[in-house]
Amino acid sequence: MYHLIKKDLLVQKRALLLALCLLVWFSLTFSGMGIAGLSLSVLAVTYFLTFGASASDEKNRSDRLLISLPVRKSLIVAAKYVSVYVIVALTLFLVYFIHLVIKFLQLPVDVFPFTLEGAAGSVAASTLYCALSFPLIFKYGYMKSRMVNFILFFLTIGGSSFFLDWFQENAGLIQKIKEFFAERSDWETAALFVTPALVIYILSYCLSLSFYRKREF
C-alpha cells in the first residue's frame, strides 16, 4: 500500500507546487469564511491532487498494469482511499506553514483561522466527497465519470454555501449549536465531525471494491 500511495504523490510533483500556490490564494480570498474557508480550501486541493492521480493512471494505463501484477484488488482500492488522508494531512500542514510564514513576517493580511474544529471539518468534507465520487471512478474509470464528479464537486461547494447562508439566517439555532459544542472538548467536537464521515467512507470502500472486482478493462 505504501508504494501505491507513494506512486500517486510522485506522479504529481509539479502539481504539489501548484497546490501550494492555490492554498496561498485560498487563505487570502476565503479568510472571511472562517473555518468553513479552511474546509473548502482543503477539499479543493484534495480534489485537485486525488483526481489528478486517477487521471494520470488512466492516461498512462497504469491501472491496467496494476491489475496484471500480483497485487490484490482490495489493496489497490484501499490505497486510493487511504491516499486521501495523506493528501489532506499534507494540505493541512501546508496551510499551517502558510500561517506561520504570515505570522513570522507580520504581513498585514487576514487568513482563515487554523483550528482543530476546522481541521476536523476539512477531513469530514474531503471524506464525504471522495466517498461519493470514488465508487464512480472504480466502476466506470476516471474519464467516463469525470463530468459527474466535477458537477458533484461544485454541488458540494454550493451546498456548503447554502448551509452557511441558512445558518446565518437562523441565529437562534446557531447559538444553540455553539452552546452544544462549547460544552464539549476539542477532541469530542472533532469526533462528532469525523466519525459519521468515516462510517460512510468504509461503506463507500466496500462498494468501490465490489465495482472494481467486476470491472472489465
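The exercises below, each with a worked solution, concern a predicted model of one protein chain.

**Exercise 1. Describe the secondary structure of the chain, and state where the confidence is lowest and where it is highest.**

Solution. Begin by counting the elements: the chain has 9 helices and 0 strands, so that reading along the sequence gives the pattern α-α-α-α-α-α-α-α-α. Next, turn to the confidence of the prediction, where the average pLDDT over the chain is 79 and 84% of the residues score at least 70. Then look at the two extremes: helix α8 (residues 171-182) has the lowest confidence, with a mean of 62, whereas α5 has the highest, at 88. As a caution for reading such a model, predicted coordinates should not be read in detail where pLDDT is low.

**Exercise 2. Compare the span of helix α5 with the expected value, and relate the helices to the transmembrane regions listed by UniProt.**

Solution. First, take helix α5, which runs over residues 73-105 and has 33 residues. The distance from its first C-alpha to its last is 48 Å, which is close to the 48 Å expected at 1.5 Å a residue. After this helix comes Q106, a residue with a positive phi near 55 degrees.

Second, consult the record: an unreviewed UniProt entry lists residues 78-98, 118-138, 150-167 and 187-212 under "transmembrane region". Third, check two of these spans against the model. Residues 78-98 are 100% helix and 0% strand, with end C-alpha atoms 31 Å apart. Residues 118-138 are likewise 100% helix and 0% strand, and their end C-alpha atoms lie 30 Å apart.

**Exercise 3. Classify E58 and N149 as buried, partly exposed or exposed, and list their contacts.**

Solution. Start with E58, which is found in helix α3 (residues 35-59). Its relative accessible area is 24%, and because this value falls between the cut-offs of 20% and 50%, E58 is partly exposed. Leaving out residues up to four places away in sequence, E58 touches D63, G141, Y142 and M143. Of these, Y142 is 84 residues from E58 in sequence, yet the two C-alpha atoms are 6.9 Å apart in space.

Continue with N149, which belongs to helix α7 (residues 142-169). Its relative accessibility is 2%, and because this is under 20%, N149 counts as buried. With neighbours within four places again set aside, N149 is in contact with Y47, F51, Y129, S133, L136 and I137.

**Exercise 4. Work out what kind of aromatic pair F138 and Y212 form, and whether each residue is buried or exposed.**

Solution. A pair of aromatic rings is described by the distance of the centres and the angle of the planes. The count for this model comes to 12 aromatic pairs. In the pair of F138 and Y212, the centres are 5.3 Å apart and the planes make an angle of 80 degrees; because this angle is over 60 degrees, the pair is edge-to-face. The pair links distant parts of the chain, with F138 in helix α6 (residues 116-140) and Y212 in helix α9 (residues 186-214), 74 residues apart.

For the last step, compare the relative accessible areas with the cut-off of 20%: F138 has 6% and is therefore buried, and Y212 has 3% and is therefore buried. Both residues belong to one aromatic cluster, whose members also include Y47, F51 and Y129.

Key:
Residues numbered from 1 in each chain as written. Predicted model: local features only at pLDDT ≥ 70, side-chain atom pairs only at ≥ 80, totals over all residues. Heavy atoms only, no water. Helix = DSSP H or I, 4+ residues; strand = E, 2+ residues; numbered from the N terminus. Expected span 1.5 Å × (residues − 1). pLDDT = per-residue confidence, 0-100. UniProt positions renumbered as here; feature names shortened; annotations may be inferred. Buried < 20%, exposed > 50% of the residue type's maximum accessible area, 1.4 Å probe, protein only. Contact = heavy atoms within 4.5 Å. Phe/Tyr/Trp six-rings, centres within 6.5 Å; stacked < 30°, edge-to-face > 60°.
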